[in-house]
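Here are my notes on this model, as numbered points. Please read them with the structure open.

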Amino acid sequence: MTKRAAVLLPSQLRHLLRVTEATSRHPERDVLILWLGFSCGLRVTETARLTVADVLLPSGRLKSEISLRAEITKGCRQRLAYLTHPKLVAALERYIQWRKARRFGCTFNDRQYRGLSPATRLILTWKGGPYELNTKRAVNSAGEAIEYRAADSLQAYIKGLYRAAGLHLASSHSGRRTFASRLLAAGESLETVQTLLGHADLDHVMPYLEVSEDTLREMFEVVL
């Protein structure tokens, strides 16, 4: 049986965020990375490939939704992710100020994109550059050999955030699994979850049902 990333309870997520704030060298960035998984269901590589223009309008206002371009998604299927969770919005605002203070990917025109270069990656390393993408090969469900890009370094980094919080069964995919499981526990249909996750087949949503009823019940006893 395939080992799947742990789904986090609200108490575990709060603990993770507290530890990240207290121990990370760059909590402004790291908290945002975590929220993009937990509140938008983004994959790690999708997070790594977001650009400033994906989240900001030219006026500098935050967009209410991200249009995830087909070329950055795993299944090459465009989908929307919604920037509606207030804690995600707050994390984005704080991170933008953090980037500006360090002059990471900045221009000399503060009137557009808040002075950030729109084509630069949103999430940057501590040196101010993009996370490296590795080319990998796999065989898809149709038996065809395909190539895809993976942000292995960011994935390992996120795993380290979980380890620092003592969540050893969690991985970089836990944010996405928790996002989907919360939607299902709240009564959303499988088709809705399929759309938000960007899966081509409904069968791909079924692994997200592998959470006990007790776990799902506990997840919604406390609002995140």
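1. In which loop does Tyr113 lie? Tyr113 sits in the loop between H5 and strand E3 (134-139). Keep in mind that this is a predicted model. Tyr113 is not a glycine, yet its phi is positive, about 50°. Most residues other than glycine have a negative phi. Tyr113 has 15% relative accessibility, so it counts as buried.

2. Arg114 deserves a look as well. Its phi is near 55°, again positive in a residue other than glycine. Arg114 is in the loop between H5 and E3. Arg114 counts as buried because its relative accessibility is 17%, and the cut-off for buried is under 20%.

3. Now the overall layout. The chain has nine helices and four strands. Along the sequence the order is α-α-α-α-β-β-α-β-β-α-α-α-α. The chain has 224 residues, and 45% of them count as buried.

4. On contacts and surface: take the contacts in the chain with a separation of 6 or more. Residues 24 or more positions apart account for 56% of these. The chain exposes about 11,700 Å². Carbon and sulfur atoms supply 52% of that area.

5. Next, the nonpolar interior. In soluble globular proteins, nonpolar side chains tend to be buried together. Here the largest nonpolar core holds 48 residues. Leu16 and Tyr162 touch the most other members. The elements that give two or more residues to this core are helix H1 (10-23), H2, helix H3 (44-49), helix H4 (52-55), strand E1 (65-68), helix H5 (86-102) and helix H6 (152-164). H2 provides the largest share, eight residues.

6. What does Leu16 touch, leaving aside residues up to four places away in sequence? Its partners are Leu8, Leu34, Phe38, Leu161, Tyr162, Ala165 and Leu167. Another core, of seven residues, lies apart from the largest one. Ala180, Leu183, Val193 and Leu196 are among its members.

7. The structure holds one cavity of 30 Å³ or more. The space in this largest cavity is about 80 Å³. Its lining consists of Ile33, Leu34, Gly37, Phe38, Leu42, Arg43, Val44, Thr47, Ile158, Tyr162, Ser172 and Gly175. H2, H3 and H6 each supply at least two of the lining residues. H2 gives the most, with four. By class, the lining has seven nonpolar, four polar and one charged residues. Three of the names recur from point 6: Leu34, Phe38 and Tyr162 line the cavity and touch Leu16.

8. Last, the second largest pocket. About 240 Å³ of space lies in it. It is lined by 14 residues. Ser39, Tyr82, Thr84, Phe179 and Leu183 lie nearest its centre. Helix H2 (27-40), strand E2 (79-82) and helix H7 (174-185) are the elements that give two or more residues to the lining. H2 gives the most here too, with four residues. The classes are 10 nonpolar, three polar and one charged. Leu183 appears both by the pocket centre and in the core of seven residues.

9. One thread to follow is H2. This helix gives the largest share of the largest core. H2 also gives the most to the lining of the largest cavity, and the most to the lining of the second largest pocket.

Note on methods: Residues numbered from 1 in each chain as written. Predicted model: local features only at pLDDT ≥ 70, side-chain atom pairs only at ≥ 80, totals over all residues. Heavy atoms only, no water. Buried < 20%, exposed > 50% of the residue type's maximum accessible area, 1.4 Å probe, protein only. Contact = heavy atoms within 4.5 Å. Areas by Shrake-Rupley, 256 points an atom, 1.4 Å probe, with all protein chains shown as cover. 1 Å grid on protein atoms, 1.4 Å probe; cavity = no way out; pocket = protein on both sides within 12 Å on 5 of 7 lines; lining within 4 Å. Points joined across faces, edges and corners; volume = space filled by probe spheres on them. Nonpolar A, V, L, I, M, F, W, Y, C, P; charged D, E, K, R; others polar. Core = buried A, V, L, I, M, F, W, Y, C linked by side-chain atoms within 4.5 Å.
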